[in-house]
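Welcome, and thanks for taking a look at this structure. Please open the sequence and the model side by side, and the notes below will walk you through them topic by topic.

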Amino acid sequence: MADSAQAQKLVYLVTGGCGFLGEHVVRMLLQQEPRLRELRIFDLHLGPWLEELKTGPVQVTAIQGDVTQAHEVAAAVAGAHVVIHTAGLVDVFGKASPETIHEVNVQGTKNVIEACVQTGTQFLVYTSSMEVVGPNIKGHPFYRGNEDTPYEAVHRHPYPSSKARAEQLVLEANGRKVRGGLPLVTCALRPTGIYGEGHQIMRDIYYQGLRLGGRLFRAIPASVEHGRVYVGNVAWMHVLVARELQQRPALMGGQVYFCYDKSPYKSYEDFNMEFLGPCGLRLVGTRPLLPYWLLMLLAALNALLQWLLRPLLLYAPLLNPYTLAMANTTFTVSTNKAQRHFGYEPLFSWEESRTRTIRWMQAMDSSAQ
Ligand SMILES: NC(=O)C1=CN([C@@H]2O[C@H](COP(=O)(O)OP(=O)(O)OC[C@H]3O[C@@H](n4cnc5c(N)ncnc54)[C@H](O)[C@@H]3O)[C@@H](O)[C@H]2O)C=CC1
Ligand SMILES: C[C@@H](CO)CCC[C@@H](C)[C@H]1CC[C@H]2[C@@H]3[C@H](O)CC4=CC(=O)CC[C@]4(C)[C@H]3CC[C@]12C
């Protein structure tokens, strides 16, 4: 609990607070951070659900803005004690140009750092990604690794390259003097593939399954493990890290933490079936139905079609050479660094995470009918 001197004194800013993860961080802060006085939510697109939050005891300030615009960021950051920077362009499907991805993820992060320095905000938590590590372009497995596991991180795709550069900038900024002379304290959280209520890709896969008559066809061997973590636990880690960073700056400043919980190690497709199965979908095949070379060919064909059609329309299917490589390369984490450094334990068990996700999918299903 908060000590009385600090009760309801703090101003937090969440960038990207209307996104999939951002909304969970916002709601978690309101539930779990008793020292909050004001919560600022900064996003390119504000959600209508923000209105319901404005009736509670914490002042909720919605700010429509763009992280690529330094002056908008500085205005939002001024007077905040803590910034949680989750805003980002998450695109591995070729919807946005590499320049736009760089602008939002790298320049946007630079703007957030500079705003903290100029306005005197001392604590910055950055939502990074497992992708800053891998899987790398060589397809090397990362099997239950931790933050110190050696791995050749080599990126070509704009999304992981931009996340890696932004993370580096955030970590390098740790210790810089902010206005007033105090040191900036930063750290980065690296979620693996996040799932849970509001997950757009899960929604897309679900509707794809419905279009295919309630079936999905196995494309990836069941033996390939893909790390997943429940959105509620990722949000909880953000809240805890932001709180503890203020108590233990020397230990936590400049550190990276993978986001983890008790979700089981499975292939991307088998894991999704934990939710899609109870919603009536079936995964056909115990082994991939198509040989890998044929999948690669289809993925390459999709990439070619995307390029050819670009002047006319946006063709951005789930399967492309990058997403195929992601799904087909083992990448799982096994670590207790967050527990050791700031006492993190998952707030939601696997059973609860699964039930909540299924309930959300079933509600989505009935509202679609
Ligand atoms: N979804 C996943 O599995 C993972 C996501 N992440 C990271 O978590 C963060 C949040 O991702 P999601 O919630 O999945 O994505 P999302 O797309 O649902 O949320 C991102 C939010 O940022 C906002 N945003 C985008 N460009 C902006 C700009 N120029 N100015 C202000 N706001 C802007 C969007 O409007 C959106 O509300 C991202 O930084 C992403 O890289 C990391 C690991 C896994
Ligand atoms: C080959 C298809 C056959 O079913 C399946 C294609 C699945 C892909 C769309 C996903 C497989 C792995 C996902 C990524 C992974 O979970 C890590 C991520 C981290 C992030 O920071 C952002 C999201 C993502 C890139 C995630 C995106 C979707 C996949 C590539």
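## A first look

The span of residues 289-309 is 86% helix and 0% strand, with its end C-alpha atoms 28 Å apart. UniProt, in an unreviewed entry, lists these residues, 289-309, as "transmembrane region". Keep in mind as you read that this is a predicted model. The points below cover the annotated domain, the sheet, the surroundings of two ligands and two single residues.

**The annotated domain**

- The unreviewed UniProt entry also places the feature "domain: 3-beta hydroxysteroid dehydrogenase/isomerase" at residues 13-283.
- Over residues 13-283, helix makes up 38% of the chain and strand 20%.
- The C-alpha atoms at the two ends of residues 13-283 are 42 Å apart.

**The sheet**

- Seven strands make an open sheet with parallel pairing, and their order is β3-β2-β1-β4-β5-β7-β11.
- The edges are held by β3 (59-64) and β11 (255-259); each has a single partner strand, so one side of each is left without a neighbour in the sheet.
- From one strand to the next, the twist averages 15°.
- As background, strands of a sheet pair through backbone hydrogen bonds, in either a parallel or an antiparallel way.

**Strand β7 and its partners**

- Strand β5 (residues 123-127) and strand β7 (residues 185-191) run parallel and are joined by five bridges.
- Along this pairing, F123 has V185 in β7 as its bridge partner, and Y126 stands opposite A188 in β7.
- Helix α5 (residues 158-172) packs on the sheet and touches both β5 and β7. The direction of α5 makes about 150° with that of β7.
- Five bridges also link β7 to β11, and these two strands run parallel. Here R190 stands opposite F258 in β11.
- Is β7 mostly covered or open? It is mostly covered, as seven of its seven residues are buried.
- V185, C187, L189 and P191 point one way from β7, while T186, A188 and R190 point the other way, and all are buried.

**Around ligand 1**

- Ligand 1 is surrounded by 25 residues, and the closest are G16, G19, F20, L21 and G88.
- At least two residues of this shell come from each of α1 (20-32), α4 (98-119) and β8 (193-195).
- Which element supplies the largest share of the shell around ligand 1? That is α1, with three residues.
- Sorted by class, the shell around ligand 1 holds eleven nonpolar, eleven polar and three charged residues.

**Around ligand 2**

- There are 17 residues around ligand 2, of which the closest are S129, G193, A219, T323 and A327.
- Two elements, α9 (268-276) and α11 (321-327), give two or more residues to this shell.
- The most comes from α11, which gives four residues to the shell around ligand 2.
- Twelve residues of the shell around ligand 2 are nonpolar, three are polar and two are charged.

**Close-up on L30**

- L30 is found in helix α1, one of the elements that supply residues to the shell around ligand 1.
- Why does L30 count as partly exposed? L30 has 17 C-beta neighbours inside 10 Å, whereas a residue is buried only if 20 or more lie within that distance, and exposed if 12 or fewer do.
- Setting aside neighbours within four places in sequence, L30 is in contact with L39, L53, G56 and V58.
- L30 and G56 are 26 residues apart in sequence, and their C-alpha atoms are 8.9 Å apart in space.

**Close-up on T121**

- T121 lies in the loop between α4 and β5.
- Because it has 25 C-beta neighbours inside 10 Å, T121 counts as buried.
- Which residues is T121 in contact with, leaving aside its neighbours within four places in sequence? They are V77, A80, H81, V83, C116 and V178.
- T121 and E172 are 51 residues apart in sequence and 16 Å apart in space, from C-alpha to C-alpha.

How values were computed. Residues numbered from 1 in each chain as written. Chains lettered and ligands numbered in written order. Predicted model: local features only at pLDDT ≥ 70, side-chain atom pairs only at ≥ 80, totals over all residues. UniProt positions renumbered as here; feature names shortened; annotations may be inferred. Near = placed C-beta within 6 Å. Nonpolar A, V, L, I, M, F, W, Y, C, P; charged D, E, K, R; others polar. Pairing = 2+ DSSP bridges. Axes fitted to C-alpha atoms, helices over the stretch in contact; angles between N-to-C directions. Contact = placed C-beta atoms within 7 Å.
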